[in-house]
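Reader: I am new to reading structures. Please take one part of this one and look at it closely with me. Short sentences would help.

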Amino acid sequence: MVPARAKREEEEMDITPMIDITFLLLIFFVVASKMDPTQTGKIPDAENGLAISAKDSAVIFIEPIGKDKVVLKRRDGSEFSSDEEAQASEIVEYITNELEKSISKNKDQVMLLGDGEVKVSDVTRVQKIIGDEFQEMEFTYIAVKEQ
């Protein structure tokens with residue numbers, strides 16, 4: 001007669017090491033990656049777009065003046081301040097004036113005209129200023145000078 005075997009408790013797999021490896025990989029990728037994708041890169045080439053009239057828009061020109069600097073200009077060619085805080089208030093004032101001057105023409109959009117060498121972060125900064133102040137405006141159009 002063979003004695004009956006005692007039933008062993010089912011062993012569970014210990015997943016603690018797998019969780020440790022997962023968190024180590026997560027920490028590595030968080031530390032090794034860049035969190036702000038707008039700091040690098042250039043404006044991509046457009047294949048096609050909408051035809052927007054500059055006459056019906058408040059226009060801001062963004063021109064590069066060196067490797068990492070840009071200058072913002074009004075339609076008449078005068079430059080905005082180089083100080084970012086003063087520049088933000090000047091942009092808001094300029095757009096407000098442009099939109100008020102042409103109420104009969106229904107000018108309700110802003111166009112940013114830039115060179116292909118302008119970085120995305122520069123365009124995004126100006127867009128953020130406009131978006132924060134003019135929340136009712138649906139679109140900010142971006143035009144890039146052709147090569």
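Author: Start with a term. A nonpolar surface patch is built from residues with over 30% relative accessible area and no salt bridge, where nonpolar side chains are joined within 5 Å. Keep in mind that this model is predicted.

Now the part itself. M13, I15, M18, I19, F23, L26, I27, V30 and V31 make a nonpolar surface patch of about 940 Å². Take V30 as the example. V30 sits in helix 1, which covers residues 16–32. Is V30 buried, partly exposed or exposed? Its relative accessible area is 43%. Buried means under 20% and exposed means over 50%, so a value in between counts as partly exposed. V30 is therefore partly exposed. The value is also over the 30% that a patch residue needs.

Set this beside a general tendency. In soluble globular proteins, nonpolar side chains tend to be buried together. The patch residues are on the surface instead.

Where does the chain bury nonpolar residues? Look at its largest nonpolar core, which has 19 residues. I60, I91, I95, L112 and I130 have the most contacts inside it. Four elements give two or more residues each: strand 1 (58–64), helix 2 (84–101), strand 3 (110–114) and helix 3 (120–133). Helix 2 gives the most, with five residues. Helix 1, the home of V30, is not among the elements that give two or more.

I60 shows how the core is packed. Leaving out residues up to four places away in sequence, I60 touches L72, K73, F80, I91, Y94, I95, M111, L112, L113 and I130.

Step back to the whole chain. It has three helices and four strands. From the N terminus, the order is α-β-β-α-β-α-β. Buried residues make up 22% of the 147 residues. The chain exposes about 11900 Å², and carbon and sulfur atoms supply 54% of that area. Of the contacts with a separation of 6 or more, 61% join residues 24 or more positions apart.

Charged side chains complete the picture. Side chains of opposite charge can pair when their charged atoms come close. This chain has four salt bridges. One of them joins E90 and R74, at 3.6 Å from N to O. E90 is in helix 2, while R74 is in the loop between strand 2 (70–73) and helix 2, 16 residues apart. E90 is partly exposed at 22% relative accessible area. R74 is buried at 19%.

Another salt bridge joins R75 and E98, at 3.9 Å from N to O. R75 lies in the loop between strand 2 and helix 2, and E98 lies in helix 2, so this pair ties together parts that are 23 residues apart in sequence. R75 is partly exposed, with a relative accessible area of 36%. E98 is buried, at 7%.

A further pair stays inside one helix. K128 and D132 form a salt bridge, with their closest N and O atoms 2.9 Å apart. Both lie in helix 3, four residues apart, about one turn of the helix. K128 counts as exposed at 52% relative accessibility. D132 is partly exposed at 46%.

Return to the patch. V30 is partly exposed, in helix 1, and one of the residues that make the nonpolar surface patch.

Notes:
Residues are numbered from 1 along each chain as its sequence is written. This is a predicted model: local features need pLDDT of at least 70, side-chain atom pairs count only at pLDDT 80 or more; totals for chains, interfaces and linings use all residues. Side-chain values use heavy atoms; hydrogens and water are left out. A nonpolar core is a set of buried Ala, Val, Leu, Ile, Met, Phe, Trp, Tyr and Cys residues joined through side-chain atoms within 4.5 Å. Buried means under 20% relative accessible area, exposed over 50%, partly exposed in between (1.4 Å probe, protein chains only). Contact means heavy atoms within 4.5 Å. Patches are made of residues with over 30% relative accessible area and no salt bridge: like charges are joined within 9 Å, nonpolar side chains (Val, Leu, Ile, Met, Phe, Trp, Tyr) within 5 Å. Accessible areas come from the Shrake-Rupley method with a 1.4 Å probe; for residues, only the protein chains shown count as cover. A salt bridge is a side-chain nitrogen of Lys or Arg within 4 Å of a carboxyl oxygen of Asp or Glu.
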